[in-house]
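Please examine the sequence and the three-dimensional model shown here. A short report on selected features accompanies them.

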Amino acid sequence: MSARKTVPRRASAARIMALQAIMQIRERKAYAKQVVETMVEQSGLPEQERAFATLLTYGVVSCLGVLDEVIDDNLRRPGSIQDDVRDCLRISVYEIVFLRKSAYAAVDQGVELVKTVAPRAAGLANAVLRKISDSAKDFPWGDPATDMSALARSYGYPTWIVERAMEDRGRLEVQRMLEASSHETPPVFIAANPFKVSDAEAREQLQANGIAVRAMGAPGCFLAHDGQAVAKCRLLEDGTALVCDAAAQVVAMLAAPERGSTYLEVGSGRGTKTILLQGNCLRASGGTAHLHALDIHGFKGEILTERMQRHGVPDVVALTGDVRDLDGIDGLPASFDGCLIDAPCTGLGTLRRHPEQRWRVQSADVEVLADNGLAMLSSVSGRIAPGGFIVYSTCTFTYAENEGVIARFLESEAGKGFEIASLAGRLPDDFNDCLTPEGFFRSTPRRGGADGHFAAKLVRSA
């Protein structure tokens, strides 16, 4: 009777792929989306394994601090393990704590994963993961209803973000934000490009390409029911449509210039809102504004110019410079009829799309970025013609970066002559509950809904 052969155990291909992605994100301080998309495309793995690898990668990156807290609490010397071993442990702890995977399978696979980078650490990994699997039944180790740390831990968030959100926005909005960011694939929204097709034609062409959509109220805005199909759609390649969050599209609608006006877009980046601004102008009046797209990074201006050509958007001039020093920017008009300031911010309203930022942004960044936003607003105000307007926008929820900036500006010397223009009656039906008592637009991330954005419109009366 022949001896029975033992099949050697090994870490699954999906976990190995997730480990490679997590290591790249950590070492290069890269964006998770870019790393994952590249790896998935090149992996050759079956669809189910690619999906699991993607889930693990985004999950670990999103919950990083909580995973490290759990690991460190179960190590005698937390600083003694090498970074790639820690990455392996993070994957297994995420499976145990957040995915509630079988402890036996998660521990076994965790040990095998550690063997791929540091075989001698396999024993340590086995001991640590077993301890964690025993204590995981009590996670989040506190009552989320009364303990902010336990609430934050249960969703994989830094405590300071939850505490700040609770202070600024209240429990209902905090709960919506946390649930929207909890291991859910973010919804995909599409904007039709009116320089190529009408909104009705865009919808027909999307559906003809196998993408079922639902109109979202803002002009040319659609929710795609199958986000994965959107990435392969030729309509994005030829400029017929573009991907952009629905709340961001609302901001561009509220900030749309008038035909023939002289307009400034601050923080234009790669030009997504530039296309939307001119597109909304075209829808409203049949023409475009003389739009000056300003960004501090020159390479973004080059990308923007190429995108305007591909999308057929006319009358856009890309400029490079610091908005806080407008006199130092060549080619800038003396005054503007309108302006959109897309201010740099903590991005707390878009964390589900940028999971790595959850643990990279710090509490101290809020005040720094709020001061920067105020400086940008104050600088631009001197170039706005009487009767002209500024729309100040962010993609975060903190009071300091949003309402606080507006209040400080209106109380300052630069803010004299400006007043709030209420956005009441201007919001699409899907966003009617996003009007604040002050007349601002503020959305909260929700499951299946838009991200968190803020916009305030200020008009110069004198």
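The report below treats confidence, cavities, a pocket, strands and selected residues in turn.

## Basis and confidence

This is a predicted model, in which local features need pLDDT of at least 70, side-chain atom pairs count only at pLDDT 80 or more, and totals for chains, interfaces and linings use all residues. Residues are numbered from 1 along each chain as its sequence is written, and side-chain values use heavy atoms, with hydrogens and water left out.

The mean pLDDT (the predictor's confidence in each residue, from 0 to 100) is 94 for the protein, and 98% of its residues reach 70 or more. Over residues 1–8, pLDDT stays under 50, and the model has zero contacts (heavy atoms within 4.5 Å) beyond four places in sequence for them. Where pLDDT is low, the predicted coordinates should not be read in detail.

## Cavities

On a 1 Å grid over the protein atoms alone, a cavity is a set of points where a 1.4 Å probe fits but cannot get out, and lining residues have an atom within 4 Å of a point. Grid points are joined across faces, edges and corners, and a volume is the space filled by probe spheres set on the points. By this rule there are two cavities of 30 Å³ or more. The largest cavity holds about 80 Å³ of space, and its lining includes Arg169, Met177, Phe397 and Arg442. Helix H10 (171–180) is one of the elements that give two or more residues to this lining, and H10 provides the largest share, three residues. Helices are DSSP runs of H or I with at least four residues, strands are runs of E with at least two, and both are numbered from the N terminus.

The second largest cavity has about 40 Å³ of space and is lined by Ala218, Pro219, Gln249, Met253, Leu276, Asn280 and Arg283. Helix H15 (272–285) and helix H14 (246–254) each supply at least two of these residues, with the largest share, three residues, coming from H15.

## Second largest pocket

A pocket is an open set of points with protein on both sides within 12 Å along at least five of seven lines. The second largest pocket has a volume of about 290 Å³. Its lining comprises 17 residues, and Asp433, Cys434, Ser443, Thr444 and Arg446 lie nearest its centre.

## Strands S5 and S6

Strand S5 (residues 262–266) pairs with S6 in the parallel sense over five bridges; pairing requires that DSSP find at least two bridges between two strands. Leu264 has His292 as its bridge partner in S6. Five of the six residues of S6 (residues 290–295) are buried, so this strand is largely enclosed by the rest of the structure. Buried means under 20% relative accessible area, exposed over 50%, and partly exposed in between (1.4 Å probe, protein chains only).

## Selected residues

Thr57, in helix H3 (residues 47–62), is buried at a relative accessible area of 2%. Beyond its neighbours within four places in sequence, Thr57 contacts Ala18, Ala21, Ile22, Ile25 and Val36. Lys300 belongs to helix H16 (residues 298–311) and, with the same neighbours set aside, contacts Gly269, Arg270 and Asp295.

Phe139 and Pro140 are joined by a cis peptide bond with omega of about 15 degrees. Pro140 lies in the loop between helix H7 (122–135) and helix H8 (148–154). Trp141, also placed in the loop between H7 and H8, has a positive phi of about 55 degrees although it is not a glycine. Trp141 is partly exposed, at 32% relative accessibility.
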